[in-house]
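Hi,

Here is the structure I said I would pass along. Have a look at it first, and my notes on what I found are underneath.

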Amino acid sequence: MPIAAVKPKFNPKLKTTHFAVLYLIVLILAILLFPVAFGPRLFLSSLPFASFITRRTMSSSSPAYSQELYIAQLAVQRASILTKRVFHEKAKGTVDKNDKSPVTIGDFGAQALIIAALRHNFPDDAIVAEEEAAQLRTDENLKNTIWDLVRSTKLDDAASEQALGGAIKDADEMLDLIDRGNSPGGNQGRIWAIDPIDGTKGFLRGGQYAVCLGLMVDGDVKVGVLGCPNLPVDDKAPLTADIGSNQTDEGHGVLFSAVLGQGATSRPLTAVASSEGRAISMRSIPSDSLADATFCESVEAGHSAHGDQASIAQKLGITKPSVRMDSQAKYGSIARGAGDIYLRLPVKATYQEKIWDHAAGDLIVREAGGQVTDIHGNRLDFGIGRTLANNKGVIAAPAASHAKVLAAVQEVLNAKQ
Ligand SMILES: Nc1ncnc2c1ncn2[C@@H]1O[C@H](COP(=O)(O)OS(=O)(=O)O)[C@@H](OP(=O)(O)O)[C@H]1O
Ligand SMILES: [Mg+2]
Ligand SMILES: [Mg+2]
Ligand SMILES: [Mg+2]
C-alpha cells in the first residue's frame, strides 16, 4: 500500500499544540489556586518588597496592634538617630521652658519626626506630646537649626523610611506637626503619648535618656516602645549608674517594646525592621528574699524622694545602694531583669506625673511580669488627661513581691505624718 494512502492515526503537530495549551491551563490554575492553598501571606511573601506589602496589607491575620507596633518601633528608631546626631554633631540648643526644665533641639526634632510618622499612618488618632512649637515660631534661628536636622534624618532602609511617610514638606509643616501633640488626652478612642526625649538632663550629661511612645485605646495602654540609645544592648549587662559617661556607642542602644497580652521584648536599636525581638522578663525574686534586690531611682532629687526611698530599701532589707539613672530607661532595665524595683516617691504633693513619662514603661514592665502602681496601690490611670492626676508616685516591682514593697512604702510614708 502506498504510504500516502495510509491515514495517520494522529497529527504530531496537533499533539504538541494540545500539550502546550494543557500546560498553560495547569500553570494558570496553579497560580490562581496557590494563594488559596498556601495562604495569602506565603503568596505575597514571594513578591518583591514582600515584607513591606505583607505588613501593610495583612494586618487582619496578624496579632493585634502589629501595624501600630511596627510603625511605633520605626518611628522611635528614626527619632533616636536624630537625638544621637544632636549629641555628637551639634550644640544642644538648650532652652528653658516655663517650668524651668530644659528642652533641646533634639526634643523638638524627635517629636516632629514621630508625629509625622503617626499622622501618615494613623491620621485619625489623637496625640499627647510633651513639647510645643511656640518658642520656635518666634526664633527663626532655632527653627532653621531644627529643620536642618529633621529633613536630613532618615532610616537607612528605604522601605522603612517609606513606611513612615518620607520627608516633611517644609519648616512650617514641621512646626504644625509638633503642635499636633496638643490633645487633652482622656479615656475615649486612640491616643498616642510621646516623650521625644525623656530624661533631657540625662541626655545633656551623656547619661541615660529614652525616646518614648505609647498607644492608649479608651484609656488603656496597648502598645509601648522605648528607645534607650545609651543602655547596653546586652540584656544581661549589670545595671550601673550612668549619669554622664564618656562611653562609646559600641554595644549600646536598645529598643524595648510591648503589646498588651503579647509580652515584652528587646532588640538592638539599630536592628532592621524585620528582626524579631528577644522576649524579656523581670527577675523572679521571692518576696522574702529582697535583700538581694536592686532598686533604681531618678538622678534628680527634685523628681523623687531619695531619702524616703532609702528608708524603704532599708525596711525591705535591701543591702545594695540604689542605681540612679535618668528617664524611663529605669522601666526598661527592671523589665529585662537588670534591676528589680523602681521607686518614684513624690517630692511635692502638688506635682502631677505626666502620662508620657510612664505610658510605655508601665506596659513594658507589666508585660515582663511586673506590677506598677502608685503609692496607694492603684494602677496608673492614663485615661483622665495629660497627667496622672489620680495617682501619686510610682512603685514598679516583680508581681510576686509588689505587695511587700508597697507595704514598706506605706509604712515609711505613714511614719512621716
Ligand atoms: N517635680 C517633679 N517630680 C517628678 N517628675 C518630674 C518633676 N519635674 C519634672 N519631672 C519629670 O521627670 C522626668 C525625668 O525623668 P526622671 O525623673 O526619671 O529622670 S531624672 O533622673 O530625674 O533625670 C522629666 O521628663 P523630661 O522632661 O522628659 O526629661 C519630667 O517630666
Ligand atoms: Mg521635659
Ligand atoms: Mg519625660
Ligand atoms: Mg521629655
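**How far to trust it**

Bear in mind that this is a predicted model. The protein chain has a mean pLDDT of 87, with 82% of its residues reaching 70 or more. Two stretches deserve caution. Residues 1–10 stay under 50 in pLDDT, and the model gives them 1 contact beyond four places in sequence. Residues 34–59 are also below 50, though that stretch has 28 contacts beyond near neighbours in sequence. For the complex, the predictor reports an ipTM of 0.96 and a pTM of 0.86.

**The chain overall**

You'll find 14 helices and 14 strands in the protein chain. Of its 417 residues, 50% are buried. If you take contacts between residues at least 6 apart in sequence, 72% of them join residues at least 24 apart. The accessible surface comes to about 19,400 Å², and carbon and sulfur atoms account for 56% of that.

One helix to click on is α4, which covers residues 66–89. Its 24 residues reach 34 Å from first C-alpha to last, close to the 34 Å expected at 1.5 Å a residue. Helix α4 is mostly covered, with 18 of the 24 residues buried.

**The magnesium site**

Now for the part I spent my time on. Which residues hold the magnesium ion (ligand 3) as protein donors? They are Asp195, Asp198 and Asp357, each through OD, at 1.9 to 2.1 Å from the ion. Along the sequence, these donors follow the spacing D-x2-D-x158-D. Asp195 sits in strand β4 (residues 190–198), while Asp357 is in the loop between β12 (341–344) and α13 (359–367), so this pair ties together parts that are 162 residues apart in sequence. There is company too: the magnesium ion (ligand 2) is 5.1 Å from the magnesium ion (ligand 3).

Are Asp195 and Asp357 buried or exposed? Asp195 counts as buried because its relative accessibility is 0%. Asp357, at a relative accessible area of 12%, is buried as well.

**What the record says**

The unreviewed UniProt entry puts the feature "binding site" at Glu130, Asp195, Ile197, Asp198 and Asp357. These positions span 228 residues in sequence, but no two of their C-alpha atoms are more than 9.7 Å apart, so they gather at one spot.

The contacts help to fill in that picture. Setting aside neighbours within four places in sequence, Asp195 is in contact with Glu130, Ala210, Val211, Cys212, Trp356 and Asp357. Glu130 and Asp357 from the UniProt list therefore turn up among the contacts of Asp195, which itself belongs to strand β4.

Ile197 also lies in strand β4, and at 1% relative accessibility it counts as buried. With residues up to four places away left out, Ile197 touches Thr83, Thr104, Gly106, Asp107, Glu130, Phe203, Tyr209 and Ala210. Glu130 and Ala210 are listed for Asp195 and for Ile197, which makes them handy residues to display alongside strand β4.

Shout if you'd like to go through any of this together.

Methods. Residues numbered from 1 in each chain as written. Chains lettered and ligands numbered in written order. Predicted model: local features only at pLDDT ≥ 70, side-chain atom pairs only at ≥ 80, totals over all residues. Heavy atoms only, no water. Helix = DSSP H or I, 4+ residues; strand = E, 2+ residues; numbered from the N terminus. Expected span 1.5 Å × (residues − 1). Buried < 20%, exposed > 50% of the residue type's maximum accessible area, 1.4 Å probe, protein only. Donors = N, O, S within 2.8 Å, 3.2 Å for Na, K, Ca; no water. UniProt positions renumbered as here; feature names shortened; annotations may be inferred. Contact = heavy atoms within 4.5 Å. pLDDT = per-residue confidence, 0-100. Areas by Shrake-Rupley, 256 points an atom, 1.4 Å probe, with all protein chains shown as cover.
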